[in-house]
Structure formats: structure tokens, C-alpha cells
Amino acid sequence: MAHENLDVIVEDIVKPENLVYRRPSTLIDVDMHYCPGCGHSTVHKIFMEVVEEMGIQHDIIGVAPVGCSVFAYSYMDVDMHQAPHGRACAVATGIKRVLPDKYVFTYQGDGDLAAIGTNESLHAANRGENILTIFINNAVYGMTSGQMAPTTIEGMITTTSPYGRDVKSMGYPLKFAELIAPLPGVAYVTRQSVHTVPNVRKTKKALQRALEYQRLKLGFCLVEIVTNCPSNWKMNPVESNKFVQNTLLQFYPLGDIKVPEVRV
Amino acid sequence: MGEVKLMKGNDALAEAAIRCGCDAYFGYPITPQSEVIEYLSREATKRTGMVVLQAESEIGAINMIYGAAGCGKKAMTTSSSPGISLMQEGLSYMASAELPCVLANINRGGPGLGTIQPAQGDYFQSTKGGGHGDYHLLVLAPYNVQEMADFVKLGFELAFKYRTPVMILADGALGQMMEKVELFPQEPRVHIEYPWATTGKPKNGPRRVITSLHLEPEKMEEINIHLQQKYKKMEEEEVRFQTLNLDDAEYVFTAYGLVSRIALKAMDLGRQRGYKIGWIRPITLFPFPKKVFQEISTRVKGILDVEMNAGQMVEDVRLAIEGKTRVEFYGRMGGVVPTPDEILDAFERLFIKGD
């Protein structure tokens, strides 16, 4: 009796007009290659929601990096250009300079942005290129399966720091956001995360603001997103999100680092 | 007749970029070609609105070209040997992703930091791929300032026809020397919407993706087969060369770029001494003009290949000749330019006195 009623109720409710949670039209309907629980898929979704809500799907060009998100173009339904490892900000510069009225973003991991690509990232920021760089910081090289990243924190175990990162010999974790924030060409720098629902909402808001700043041609915008990497951290998704909260965020505190003096 | 000017090779190349409606130049200073970015910084933006940007490095520059070319724009860069080495990664990506661009290598002596004097040590790098993977650039070798200008325009035509990077391979002397040049008239910058270009997803069509990544081996092989077919087509349709005195030639001097002019003079001197010498100047180094060498291979006594390197193009000459005649090499390295007398002496030593 109860079940029959439930079926009727479900049929009644599941209608397009009642949908409150859905895949944005700007996100392609395919299975993602990302590991279960990985933050990339969440960031892809909220960023594509922003693109949909702002109505800029036909006016935005993305640059995918080398790393786990090399296939970002398989999911984001916008024109995309895949860059050599580390060169995303240079490729984005080339695009933005010839199409100054389009929105241009790069989507890069920590190794791509802040190790092999430090030069390109830093100079694009310093030139004040009107681009958005989405910086996924999970403190590890994901695609090559767990080597030390420029952002690996002290003592953290990776396959190339198997006894923990020894900062005396391997160098210190790099805070790229803080590094570029003082540059006059840089308009907006914020560090966010997607390990809880409130944080997902804040990150989405930050991505939206960054694109607004780009529209106003205020300069380089960096949205760093501290994420988890369950597979390479050898943790389950819940444990990995706890590691983000209890360990990574102690070293990479969340919040705005630089905000332009305009309201959007 | 177009506007005639006395110009440096580098300046003529820069002027040609403006005049052919180039959309963007990204570059990094390096001797002996820094005049190009200086000239464009002074002239280009105010005249045509062309984008000119000094990049943070040659790596930055070639990737900016990669981005701009991906938008269907006419994008160009120039450098010299060490800088061109840094660009090889980007060129490999562009060849694979099939993007057009023009770049010039004002070759200086190497290896390493080498010297700033003219050299041809980058022939292998330019014609055999240069970066990783199976690909070629289409390589044009100017031999005077006129061609430094003309090959920019031709380079863009070929780059867009084949969706491939085109290299102008010159040397430090061609970049620095002044000669008369007749400039072609200014052409407008035009925006063409190419179906492959990333300019924002079309409202009535799928998104465009520019990539060189294909993890399925069959797909990657398919891309390679397509590239090889394209190179084959270039070999059929785009071979360019110049010849002189081949009709009665018993010997042939062959050289490209600056050295071809010196070899031309050596040929004249040799003819004065009674030697029946002809002259072949490859203009496209890839595709290499094999046929003209094959045609003469059975009727000349020998070929002297002259280069400012340790012997690079001579390998292509020998491949074309297939052992049907003697091929000897004379070269100077490290930025030393051979004289006509030196070339003739080498010819006599190798072919006449040894006979």
C-alpha cells in the first residue's frame, strides 16, 4: 500500500520543472575519469554552472594543462585549448591578446602552475593579463601517481618524498597565491576549497567574481582551490577531506588574499 | 613596381610581417635578430593594430603563438639558435595540433651559447623535426633581403594552406646585412572564422578543442598518418629551388641561404678557369628538392655541397643522389663564412687534383 503511494508521489515530483539540482548544460554528460571523491569534478561542475549562469558559454575559451585535468576539455562544453606542461598562462596570453573581449581561463594543477610553469604563471600575473587562473592545489602530482609537488607540505609522504618532505633538502612548499598577490598586475587572489558544501558555495562565488573582474579588465585573477587527492594520499574520500581540513588548511589558510576595490 | 628601400634583413622581415596583415608577434630578444622585435615594437601596433608583446622567454613566446594561432590568427615569432631550441616543445605541439604560424631562425654559430656570427648548424633541427615526435616544419631558406621579406608572406600562405608551422631559416648575416628590397603593398588584417579555431563555442555547433593528446594508440597513429600524408603532399606540391648552368654542367655546387651566393661566385670563378660548374640552390629545405638532384645524378661527375656547418644538408643531397655520382662536402663552422676562393680551392682539391 505504502509503496504504491510512493510511486505515485515520485512520478508526481520528478518533472523537469521541479528540478532543483542538475548538471549544468555547459557540462558534458559523460562519465568523468577523475577518481571517486576527487575535488576536480566538483570544481568542474561549479565553474560550468558559473559559465551557464553568466551566459558566457559562447564567449569563453579555456586552457587545459598537463596533469589530471588534462582532459578538462572532455567535460567543459566550451572551446578549449590544451597546453604543454606548465605553459597554460602563456597560451592563455596568446588567446587573450588576440581576442581581448572573450573570457579566457586556465585550469591548472600545482605542478603545472607552480613548478614547471612558474615562469609563465608569474609573468602572466605580472603583466596583468586579463585572464582567470583556476589553481587546483592538492599538494601532490596526481596524474603521474603521487610524486612530490611544489605545494607538498613539510613532512608529507609522497612517492618521491617517501620519508616525508624534508624541507632542508627538498625545499619548502610554495605559496604561489601569496607570492603573486603583491604584484600590481594582479587584481584578485583568493584561496578556497570544495571539501564541504559551504566551501563549495564560496568557491563558486569566487569564480563568479573573478570572471566579473575579467570583464572589467582589472588584471590577473587567481582562484586557488585546495583539494583532496584520495588515490595518491592513500585515503578514502572522507579521510582525505578531513586531511584537507585538519592539515592542509593549517598551512594554506582559506580566504581572500587580494581583492580589487570595486563592487561586483 | 612596389616601394623600394635599403633595409636590413631583420627589418625587412619585420616590415613584411606588418604588410602581410600579421595579427600578432610574440618574441624574446636574442642576437642577431633583436631588430625584428624592436622594429615591430616601434611600427606595428600604430600602423595595423597588430599585437606585439615581448615574452618572458622563448618558451613563453612560442606558447603565446600556440594560443593566438589556435584562434585562427596570423601569429609569428623570430629568434636565433639557442632561442629556437627552447621553442621546440611548442613547435612539436603546434605541428601535432595542426596550427599555422611563421617563425624565423636567424641562425648563429653553435652548439651551446656558441657565437653571434652567421652559421647553418640548425639545418638538422629545422628540417628533421627539431622537437619530439614524427613531424616536419615547412622550411624556407632565403638568400637575400628581398626573400627575407617575401618569405614572410609566402610563409603565412603555406602555413594556413597546410595548417602547419613554417620556418624561415636564415642566418646572422642575412639578418644583419642591408640590401635593396622591393616591398609588397600593405594588406589589410582580416579576421577569418576557421571551423577549427577556438574563438568561443559556436551557437549552432560543437565546441572546438585544440589538443595533441590522444591516448588511444590507434587514434594517435591516425593523426600521424594524416601528418605524413600532408608532408607527402608538400613534397609533391611545394618544392622550390633555383638552378643555374645545369645544361652543360660537369660539376654542381649546391648550397642554401647566404652560402649559395658565395657558391654562385665560386661557380663564376671556376667557369673562368674552364670548369663547367652548375649551381643548385634549394629554397625549400623541407620539402627537399630531391628530383633536381636525381635528374643530374647520372650526368655530372660530382657535386660539391657547401655549408656553414659540419655537413648537414649534404646528407639530403646524398639521399637524393643514391650513390649515382660523387658528393663531396666543404664547410666552415662556428660562425666562419667561407670565401669563393676557398670553395673553388676545395673543389679543385676534391675533384680536379684527385682525378
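A:Ala139 sits in the loop of chain A that runs between strand S4 (132-137) and strand S5 (140-141). What you're looking at is a predicted model, and this alanine is one of its backbone oddities: A:Ala139 isn't a glycine, yet its phi is positive, about 65°.

Chain B has some backbone quirks too, this time at prolines. Here are two cis peptide bonds, with where each proline sits.

| Cis peptide bond | Omega | Place of the proline in chain B |
|---|---|---|
| B:Thr31 to B:Pro32 | near 5° | loop between strand S2 (24-27) and helix H2 (34-48) |
| B:Gly110 to B:Pro111 | about 0° | loop between strand S5 (101-107) and helix H5 (123-127) |

Now for the inside. Searching the whole structure turns up one cavity of 30 Å³ or more, and its volume comes to about 30 Å³. Where does the largest cavity lie? Both domain 1 (3-237) and domain 2 (241-352) of chain B give residues to its lining, so the cavity lies between them. Among the lining residues are B:Asn107, B:Pro142, B:Asp171, B:Tyr256 and B:Leu258. Strand S7 (residues 165-171) of chain B supplies the largest share of that lining, three residues. Sorted by class, the lining has seven nonpolar residues, three polar ones and one charged one.

Back on chain A, have a look at the surface. A:Leu6, A:Ile9, A:Val10, A:Ile13 and A:Val14 make up a nonpolar patch there, and together they have about 460 Å² of accessible area. One of them, A:Ile13, belongs to helix H1 (residues 2-13) of chain A.

Definitions and conventions: Residues numbered from 1 in each chain as written. Chains lettered and ligands numbered in written order. Predicted model: local features only at pLDDT ≥ 70, side-chain atom pairs only at ≥ 80, totals over all residues. Heavy atoms only, no water. Patch = residues over 30% accessible without salt bridge, like charges linked within 9 Å, V, L, I, M, F, W, Y side chains within 5 Å. Areas by Shrake-Rupley, 256 points an atom, 1.4 Å probe, with all protein chains shown as cover. Salt bridge = Lys/Arg side-chain N within 4 Å of Asp/Glu carboxyl O. Helix = DSSP H or I, 4+ residues; strand = E, 2+ residues; numbered from the N terminus. 1 Å grid on protein atoms, 1.4 Å probe; cavity = no way out; pocket = protein on both sides within 12 Å on 5 of 7 lines; lining within 4 Å. Points joined across faces, edges and corners; volume = space filled by probe spheres on them. Nonpolar A, V, L, I, M, F, W, Y, C, P; charged D, E, K, R; others polar. Domains from an automatic or database assignment.
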